[in-house]
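Me: Please take a close look at a single part of this structure, one residue and its surroundings, and then work outwards from there to the rest of the chain. I would like the terms explained as you go, with their cut-offs.

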Amino acid sequence: MYTQSRVAANAYANVGLETGVVAANPHQLIIMLYEGAELSVRMAIRHMNEGDLVKKSAAITKASTIILEGLRTALDTRQGGKLAMQLDALYDYMGKRLMLAHLKNQTEPLEEVLGLLRELHDAWKQIGITGQSPAVPLQHPIAA
């Protein structure tokens with residue numbers, strides 16, 4: 001009985017997530033991608049600290065996929081100009097830092113990526129509030 005309840009709860013959660021994605025506008029989808037990437041990086045840190053290398057690997061892979069195949073491919077370099085190019089370079093850098101964290105089993109690169117994601121996520125949320133693109137002062141040298 002418990003297994004069926006768990007399956008039903010998971011199905012309900014998946015339907016809720018899918019409904020949220022279908023109903024979301026492009027701005028909300030990017031916010032969802034940032035949230036997913038942040039969660040995956042936090043989980044990677046947790047699993048690394050707990051010594052669970054299999055779950056750590058899965059979390060880093062998920063974060064990389066979200067950043068490189070979600071956020072990065074969503075960039076429009078023609079409309080976004082210099083800012084889109086800077087974000088492209090920053091996403092590439094994050095991917096490399098995630099790989100380093102995975103290979104060397106270090107949390108420092110994960111913490112760095114998490115900080116970058118939070119900064120970008122906060123800036124993206126501000127766009128939704130003001131309706132215009134803020135000057136995103138990225139504090140990372142790769143974005144300069």
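Reply: Ile31 counts as buried, because its relative accessibility is 15%, where buried means under 20% relative accessible area, exposed means over 50%, and partly exposed covers what lies in between, computed with a 1.4 Å probe on protein chains only. The residue belongs to helix α2, and helices here are DSSP runs of H or I with at least four residues, strands being runs of E with at least two, numbered from the N terminus. This is a predicted model, in which local features need pLDDT of at least 70 and side-chain atom pairs count only at pLDDT 80 or more, while totals for chains, interfaces and linings use all residues. Residues are numbered from 1 along each chain as its sequence is written, and side-chain values use heavy atoms, with hydrogens and water left out.

Not counting residues up to four places away in sequence, Ile31 touches His121, Trp124 and Lys125, a contact being heavy atoms within 4.5 Å. Ile31 and Gly128 are 97 residues apart along the chain, yet their C-alpha atoms are separated by 9.6 Å. Seen from the other side, His121 lies in helix α5 and is buried, with a relative accessible area of 6%. With residues up to four places away again set aside, His121 touches Ile31, Tyr34, Glu35 and Glu38.

Further along α2 comes Ser40, which is buried with a relative accessible area of 5%. Beyond four places in sequence, Ser40 touches Ala59, Lys62, Ala63 and Ile66. Ser40 and Ala58 are 18 residues apart in sequence, with a C-alpha to C-alpha distance of 8.8 Å. A glycine offers another view of the packing: Gly70 is found in helix α3 and is buried, at a relative accessible area of 16%. Leaving aside neighbours within four places in sequence, Gly70 is in contact with Leu33 and Thr65; Gly70 and Leu33 are 37 residues apart in sequence and 6.9 Å apart in space, C-alpha to C-alpha.

From these residues one can move to the core. The largest nonpolar core has 26 residues, and those with the most contacts inside it are Val41, Ile67, Tyr91, Met94, Leu98, Leu110 and Leu117; such a core is a set of buried Ala, Val, Leu, Ile, Met, Phe, Trp, Tyr and Cys residues joined through side-chain atoms within 4.5 Å. At least two residues of this core come from each of α2 (26-50), α3 (53-71), α4 (77-104) and α5 (108-130). Leu117, for instance, is in contact with Tyr34, Ala37, Glu38, Val41, Ile67, Leu71 and Met94, its neighbours within four places in sequence left aside.

One helix pair can be described in detail. The axes of α3 and α4 are 10 Å apart and meet at an angle of about 170°, where axes are lines fitted to C-alpha atoms, for helices over the stretch in contact, and angles run from 0 to 180 degrees between N-to-C directions. The two helices are therefore roughly antiparallel to each other, since angles under 35 degrees count as roughly parallel, over 145 as roughly antiparallel, 65 to 115 as roughly perpendicular and the rest as oblique. Among the residues that make the contact are Ile60, Ile67 and Leu71 of α3, and Tyr91, Met94 and Leu98 of α4.

Outside the helices, Asn105 is found in the loop between α4 and α5 and is partly exposed, with a relative accessible area of 37%. Although Asn105 is not a glycine, its phi is positive, at about 55°.

For the chain as a whole, there are 5 helices and 0 strands, and of its 144 residues 33% count as buried. Among contacts with a separation of 6 or more, 61% are between residues 24 or more positions apart.

Finally, a word on confidence. The mean pLDDT of the protein chain is 82, and 72% of its residues reach 70 or more, pLDDT being the predictor's confidence in each residue, from 0 to 100. Confidence is lowest in helix α1 (residues 2-23), at a mean of 45, and highest in α3, at 97. Over residues 1-17 pLDDT stays under 50, and the model has 1 contact beyond four places in sequence for that stretch. Where pLDDT is low, the predicted coordinates should not be read in detail.
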